[in-house]
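Q: I am new to this structure and would love a close look at one part of it. Could you pick a single helix and walk me through its surroundings?

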Amino acid sequence: MKKNDLTIILTLRGRHLHTLRWMWHANRVGFPYHVIIADGEVHPTIARLLSDPATFPNLSYEYHRYCDQSFSDFYKKCVDAVGKVKSKYVMMSDNDDFLITAGIQRSIEYLNNEPDYVCAGGKIPIFSIVPRLELTGKIIGPMIGTKFGYSQLSHNISFPLISKRVMDEINQYQVIYYHVYRTQALQVIFEEIEEHDFSDLTVHEFYISLRAVTLGKVSADPSVICYLRQAGTSNYHTYGTDWVHDMLRSKLPQDFRAMATSIANEVARIDGNNSNEFRESILNAYAVYLRHLLGHTMMRYRFPRLFQIKQKLLWLKNLQILPLWYRKRKGKKNFWKELSNDCTDPTLLNKYREDFRNIENSLQGDEFLIFIKNNAPELQ
C-alpha cells in the first residue's frame, strides 16, 4: 500500500549497477513510499530504464537528470530535489545502501507525536558481501559481517537550550544525515548549504547535523533501524588526498569558520548567547574531532613506512580462516542479539527480520542477474 507521508530522495552519481539493485529490490518488496531520483551522472542505460514506468511497476517514483560535476552542483541538486517533495517528511538515501521500512515507519510515528522534534532515526548497521563474479563490483553475494559499526552512539538530543544541543552533537557526534526529516527543515538546511558552497562533504554533513539541532530536537532511538549501509562501496570524495595539500590549496579553513559562524549566529539569535564566544566554543570542540581524524589520515604521509606496517597488520587481522558459513551464522547471531537488547518490542523485531530477509534474498542475486541480462547486459 502506497503511503503519502514520506518521500525518499535517492541521489545518484555513478555506481550504476548499485542503482539498479536499489530500484530492483525496492520494486520487488513493494516499497511503500514515493522516491525522487536525482541523477547527477546520467548513464544512457539507467536513463532508459528509469524513464520507462514499466521497468519498476511496483514503485512510485520520478526521475530527474542533473549535471553533478562538483560539490556546488551536488548542493544545487539537493536543493532542487527537496523542493519537489510534496510529503510532510523526507529522507535521503545513497544507491549502495538499503532502507528498512519498519524503522522508517516507527520514526514517522514518533515525529507525528512529537512536534518539537525535527528528525528521527536510530542506529545504522553496516554489512558486507562476498561478491559473486557474474557482476563487477560488490553488487550481489552472501551477506556477511552485519554489525553496528557505523554511528553506534544513539541518544536523543533534547536539551531545551539550543546551545546545549549544538555542543552535545559536537562532543558526542551522531550521524543523523539518514534520519527521517520534516521536509521544511531539510529544505532550509540544504538552501543554506548551497549558499555556503562548502568545498568538502564532511563539512556539509557536519553542518546538517548542527543546523538540525538548532531547528528542533533530534530523536536517535537505539531500537530503531531506518538505514543499512554497505561497507566498502562509497564514492570517496572527502579528504582523498594529503590533508596538508587540501589545507593549502582549498578553502577548508574558511568552510570550518563559516560553519561555526553561521551556527553561532543562529544560537545567539534564539538563546541570546554571545555569538563570537560560542563560535570559538564550536571551533575548539571541532578541533578535537579534527585532531582525531588527522591522526588517522596523515599517518600515511608523515610516516609512510609505519603506515605500510599497519596495513600489513590489518591484512593479517582481516585474514579469514574460518569458513564462510560459520562467519555468516556467528555474525548474524551476534547482530540480532545486540539488536534484541535495544529493541524489546517483539512485533518490531519481527518486522526487522522480514526486512533483512528480503535484503538477503535480493543479494543472492539469481533473479537480479536475470533482470540485468535481459535489460542492461552492457553493464555487466
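**A close look at helix α1**

A: Happily! Let's start with how covered this helix is: 12 of the 14 residues of α1 are buried, so "mostly covered" is a fair description. The buried ones are His 16, Leu 17, His 18, Thr 19, Leu 20, Arg 21, Trp 22, Met 23, Trp 24, His 25, Ala 26 and Asn 27. Please keep in mind that this is a predicted model.

Next, the length of the helix. Helix α1 covers residues 16–29, and at 1.5 Å a residue its 14 residues should span 20 Å. The C-alpha atoms at its two ends are 20 Å apart, which agrees with that expectation. Just after α1 comes Gly 30, which takes a positive phi of about 70 degrees.

Now for a partner of the helix. In general, two packed helices are described by the angle between their axes and the distance between the axes. Here the partner is helix α14, made of residues 346–364, and the axes of α1 and α14 come within 10 Å and cross at roughly 130 degrees. Angles over 145 degrees count as roughly antiparallel and those from 65 to 115 as roughly perpendicular, and α1 and α14 are therefore oblique to each other. Their crossing is right-handed. On the α1 side, the residues that meet α14 are Arg 21, Trp 24, His 25, Arg 28 and Val 29. On the α14 side they are Asn 358, Ile 359, Asn 361, Ser 362 and Leu 363. Sorted by character, the residues of this contact divide into four nonpolar, four polar and two charged. A general point helps when you trace such a list on the model: an α-helix has 3.6 residues a turn, so residues three or four places apart point the same way.

A residue from a loop also touches α1. Ile 139 lies in the loop between β7 (124–129) and β8 (143–150). Leaving aside neighbours within four places in sequence, Ile 139 is in contact with Leu 17, His 18 and Arg 21, and also with Ile 129, Leu 363 and Phe 368. Two names in that list may look familiar: Arg 21 and Leu 363 also take part in the contact of α1 with α14. Ile 139 counts as buried, because its relative accessibility is 1% and the cut-off for buried is under 20%. Another residue to find from here is Thr 233: Ile 139 and Thr 233 are 94 residues apart in sequence, yet their C-alpha atoms are 9.3 Å apart in space.

For comparison, here is another helix pair. The axes of α6 (residues 183–196) and α7 (residues 201–215) come within 10 Å and cross at roughly 135 degrees, which makes α6 oblique to α7. This crossing, too, is right-handed. The contact involves residues including Val 188, Ile 189 and Phe 190 of α6, and Tyr 207, Ile 208 and Arg 211 of α7. Its residues divide into nine nonpolar, two polar and two charged.

Finally, let's step back to the whole chain. The chain holds 15 helices and 11 strands, and buried residues make up 50% of its 380 residues. Among contacts between residues at least 6 apart in sequence, 79% join residues at least 24 apart.

Terms used
Residues are numbered from 1 along each chain as its sequence is written. This is a predicted model: local features need pLDDT of at least 70, side-chain atom pairs count only at pLDDT 80 or more; totals for chains, interfaces and linings use all residues. Side-chain values use heavy atoms; hydrogens and water are left out. Helices (H or I, at least four residues) and strands (E, at least two) are DSSP runs, numbered from the N terminus. The expected span of a helix is 1.5 Å times one less than its number of residues. Buried means under 20% relative accessible area, exposed over 50%, partly exposed in between (1.4 Å probe, protein chains only). Axes are lines fitted to C-alpha atoms, for helices over the stretch in contact, and angles run from 0 to 180 degrees between N-to-C directions. Angles under 35 degrees count as roughly parallel, over 145 as roughly antiparallel, 65 to 115 as roughly perpendicular and the rest as oblique. A crossing is left-handed if the near helix is turned anticlockwise from the far one by less than a right angle, and right-handed if clockwise. Contact means heavy atoms within 4.5 Å. Ala, Val, Leu, Ile, Met, Phe, Trp, Tyr, Cys and Pro count as nonpolar, Asp, Glu, Lys and Arg as charged, and the others, Gly among them, as polar.
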